[in-house]
Amino acid sequence: MATFPITKRGAELLKAELQRLKSQDRPAVIAAIAEARAQGDLSENAEYEAAKDRQGFIEGRIAEVEGKLAAAQIIDPASLDAGGRVVFGATVELEDEDTGETVKYQIVGEDEADLKLGLINVGSPIARALIGKEEGDTAEVQAPGGVRCYEIVTVSYR
């Protein structure tokens, strides 16, 4: 199985989700199945079917999260020293060369990406255009509306 990068924060979020699934969600669905089973005829019991479906989802998610954690290469952005280059985990402030608008993004793993929080997937077009560049460099990003040019204002590792 190939490894995939994830920030320390992202790994902690996955571990917390796994803990919640095992300690809260799994026992709750087991109780719901037992309650539905106590009602009698299972062939026409919608609560039983719903609880079994939920149990399947929870067990599948537990297996998925455990697999991701096993294959994760955890990277702590605070311990990076990439000499000012944009790398996985770096926080980058960009200025759109056309509009002058500035944005700040952190390059993270697929599971932790959230554009509203400024967290972009390492596999996204903008992240791929930024990787390896330094402060002052220009990155050309192929966007749906055409090519966008961004100047890298700052690169930090936090």
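Is Asp96 buried or exposed? In this predicted model, Asp96 has a relative accessibility of 3% and therefore counts as buried, the limit for that class being under 20%. The residue belongs to strand E3. Two backbone nitrogens lie within reach of its side chain: that of Asp98 is 2.8 Å from a polar atom of the Asp96 side chain, and that of Thr99 is reached at 3.4 Å. When neighbours within four places in sequence are left aside, the contacts of Asp96 are with Glu101, Arg148, Cys149 and Tyr150.

Glu97 is located in the loop between E3 and E4. Its relative accessibility is 42%, so Glu97 counts as partly exposed. The side chain of Glu97 forms a polar contact of 3.1 Å with the side chain of Thr138. Outside the four nearest places in sequence, Glu97 is in contact with Thr138, Cys149, Tyr150 and Glu151. Cys149 and Tyr150 are thus contacted by Glu97 and also by Asp96. Glu97 and Arg148 are 51 residues apart along the chain, and their C-alpha atoms are separated by 8.0 Å.

Gln106 is part of strand E4 and counts as buried because its relative accessibility is 13%. Beyond its neighbours within four places in sequence, Gln106 is in contact with Thr7, Pro77, Gly89, Ala90, Thr91, Gly118, Leu119, Ile120 and Arg158. For Ile107, with sequence neighbours left aside in the same way, the contacts are Val86, Val87, Phe88, Gly89, Ala90, Ile120, Val122, Ala127, Leu130 and Ile131. Gly89, Ala90 and Ile120 appear in the contacts of Gln106 and in those of Ile107.

Ile107 is also among the residues with the most contacts inside the largest nonpolar core, together with Val86, Val92, Leu94, Ile126, Leu130 and Ile152; this core has 20 residues. At least two residues of the core come from each of strand E3 (91-96), strand E4 (102-108), helix H3 (125-130), E6 and E7. H3 supplies the largest share, 4 residues. A second core, separate from this one, has 15 residues, including Ile6, Ala36, Ile58 and Val65.

The largest pocket has a volume of about 180 Å³. Two or more lining residues are given by each of strand E5 (119-121), strand E6 (138-143) and strand E7 (146-156), and E5 gives the most, with 3 residues. The full lining consists of Tyr105, Ala113, Asp114, Leu115, Leu119, Ile120, Asn121, Ile126, Val141, Ala143, Arg148 and Tyr150. By residue class, the lining has 9 nonpolar, 1 polar and 2 charged members. Several of these residues recur elsewhere in the description. Ile126, a lining residue, is also among those with the most contacts inside the largest core. Arg148 and Tyr150 line the pocket and are in contact with Asp96, while Leu119 and Ile120, likewise in the lining, are in contact with Gln106.

Ile33 lies in helix H1 (residues 8-38). Its relative accessibility is 6%, and Ile33 therefore counts as buried. Residues up to four places away in sequence not being counted, Ile33 touches Tyr48, Ala51, Lys52 and Gln55. Ile33 and Glu101 are 68 residues apart along the chain, with 54 Å between their C-alpha atoms. Glu101 is itself one of the contacts of Asp96.

Definitions and conventions:
Residues numbered from 1 in each chain as written. Predicted model: local features only at pLDDT ≥ 70, side-chain atom pairs only at ≥ 80, totals over all residues. Heavy atoms only, no water. 1 Å grid on protein atoms, 1.4 Å probe; cavity = no way out; pocket = protein on both sides within 12 Å on 5 of 7 lines; lining within 4 Å. Points joined across faces, edges and corners; volume = space filled by probe spheres on them. Nonpolar A, V, L, I, M, F, W, Y, C, P; charged D, E, K, R; others polar. Core = buried A, V, L, I, M, F, W, Y, C linked by side-chain atoms within 4.5 Å. Buried < 20%, exposed > 50% of the residue type's maximum accessible area, 1.4 Å probe, protein only. Contact = heavy atoms within 4.5 Å. Polar contact = N/O pair within 3.5 Å; in protein donor to acceptor, adjacent residues only side chain to side chain.
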